[in-house]
Amino acid sequence: KNAEKEPPFSTRFRSLPPSAPPSASQKLPIARAAVGLQVPRRFATHSLEFCLVLGGREPDPAAQLGKMTTTRAQRRARREYLRKLQTADLSKSAHLFKKAPAFLKKDPQVAHFLKKCRAIALIHRQDPQVLSRTYAALPPMLRRDSDILRALLERGYDEPVVEQLKDPAAKWNRDLAKQLLSQRPQILKMASPAVRGDKTLVMLAVQQDASLLSCAPASIRRDTDVVRAAAAQWVDELQNTCQVRTLECGICGRDQLGPLQGYRCSNPGDRHFTCNECISRQVISMSKDSVGRLRRSKGRIFCPFHGTPGCKSGPIDDATLCRYHLCNAGFAALQAIKSRLVTQQVQWETQQVEKRKYESALLQQLAMSPDDRAIHVAYTYVVENILTLKCPRTTCRQAFVDFEGCFALRCSRCSVAFCAACLCDCDRDAHEHVRKCALMAEAGHPGSYFGPKEKFLDIQRARKTRLLCEYMSSIPDRSLRRGLYARLRPHLTELNKDKLSRVV
């Protein structure tokens, strides 16, 4: 095949520099390598590097020699094993790797196929919300693999395929493009010119939405088959619009319905018709599902027959659904579905942030020395339990910062009443305790429920100073007290530092 492009072996060999003849122990492997590389046997007496160059391979003698000295039986076993891997289910073929011989486990093609199988199995197990992170963590070679992209499409994550179709310089797979356009034909508007110039893909999109014909180039728009498919879709839409009370609901069985009294799905074959009342009941029933089921469907509404063998329709557009098909209760249920999904997404992201903070703090504590760890634990206790004002109920412990003049406070979470001066739990009513509170008498407001905010702050400064002195006095090690005091110094700007320094 390369006779016209490359000079004959003899000419190429004369142009090579002279090489020392091989030793007796090297002749047999070199001869095998020469035969495997389809190099004439008369050149096998020269160095292996010359044989590799003549064979058109990279001059890496060690790697090529190890590759070419495999036996015929091993090569046959490798071909048979790769055939089994390629015909098996990708998500379940990882167990075949355990049965492979040792020499096959080191094969780069087998190792790549195993990585692909593990990635596909991980994609099928992962939550749809984290598929973007899973895809970003894959090696670049696997991110371009068609089987990986097909598994992502099956799980509802189509961004990689969409990016391939948008990029003019990227290579795209026609089968994946068909699968995506059958679900989202509007992607054709954003696709690259090469995709919009494919007749098969344009016909597939036009069969669902005839207006997409304007996105195709002029040569495709003049094609007879494409124009016929667009015309059939237009005629179908016109018939649906003009048809008067001849449709029957596939759920409740009501007949003599007009096209605007229900929804016809986009199934390529038999298009199912569902009346507006049944669609509204479906949305109301869906709003009562668990958040997990709503997250798997991404809050999209499908044809009631979606998922059956005869229906491959896509989701119903939300704008169309709200404008033509939902009653007031159905519209409120759809809003509730979207709100629950947004709330769950925000909660999940918040939990992930808190989890990362907790793991980072835990790693920092593990890297500390025993003394630093003891100081950190004491510091956390002081900040959370002494310097932070909280509800005195142990089952609540909600922090508060507001003070509006009355020292008889009530918790907004557990509704317990407590004193704003000494933070004493008063159960249902704190007014009697506040009138007799010793801290209120010391502040110059005996028998009163009210006081200015400055007095409240002065009482809390004195209380925090007293509790902090008592806590630091309970620490026997003086070095730990000094370390804790140094760590707390930014928080002690408003406290009595003279008392604290005497304790330290």
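Contact means heavy atoms within 4.5 Å. The model is predicted: local features need pLDDT of at least 70, side-chain atom pairs count only at pLDDT 80 or more, and totals for chains, interfaces and linings use all residues. Residues are numbered from 1 along each chain as its sequence is written, and side-chain values use heavy atoms, with hydrogens and water left out.

**Exercise 1.** Place Thr134 in its helix and describe its surroundings.

Solution. Step 1: Thr134 belongs to helix α8, residues 131-136 (helices are DSSP runs of H or I, at least four residues, numbered from the N terminus). Step 2: its relative accessible area is 10%; buried means under 20%, with a 1.4 Å probe and protein chains only, so Thr134 is buried. Step 3: leaving aside residues up to four places away in sequence, Thr134 touches Leu122 and Gln126.

**Exercise 2.** Identify the residues of the largest nonpolar core that touch the most other members.

Solution. Step 1: such a core is a set of buried Ala, Val, Leu, Ile, Met, Phe, Trp, Tyr and Cys residues joined through side-chain atoms within 4.5 Å. Step 2: among its 38 residues, the ones sought are Ile148, Leu152, Val161, Leu165, Leu180 and Val202. Step 3: helices that each supply at least two residues of this core include α7 (108-125), α8 and α16 (224-242). Step 4: another core, of 25 residues, lies apart from it, with Phe403 and Phe456 among them.

**Exercise 3.** List the buried residues of α21 and find their packing partners.

Solution. Step 1: the buried residues are Ile375, His376, Ala378, Tyr379 and Val382. Step 2: they pack against α20 (328-366), α24 (453-473) and α25 (478-488).

How values were computed. Buried means under 20% relative accessible area, exposed over 50%, partly exposed in between (1.4 Å probe, protein chains only).
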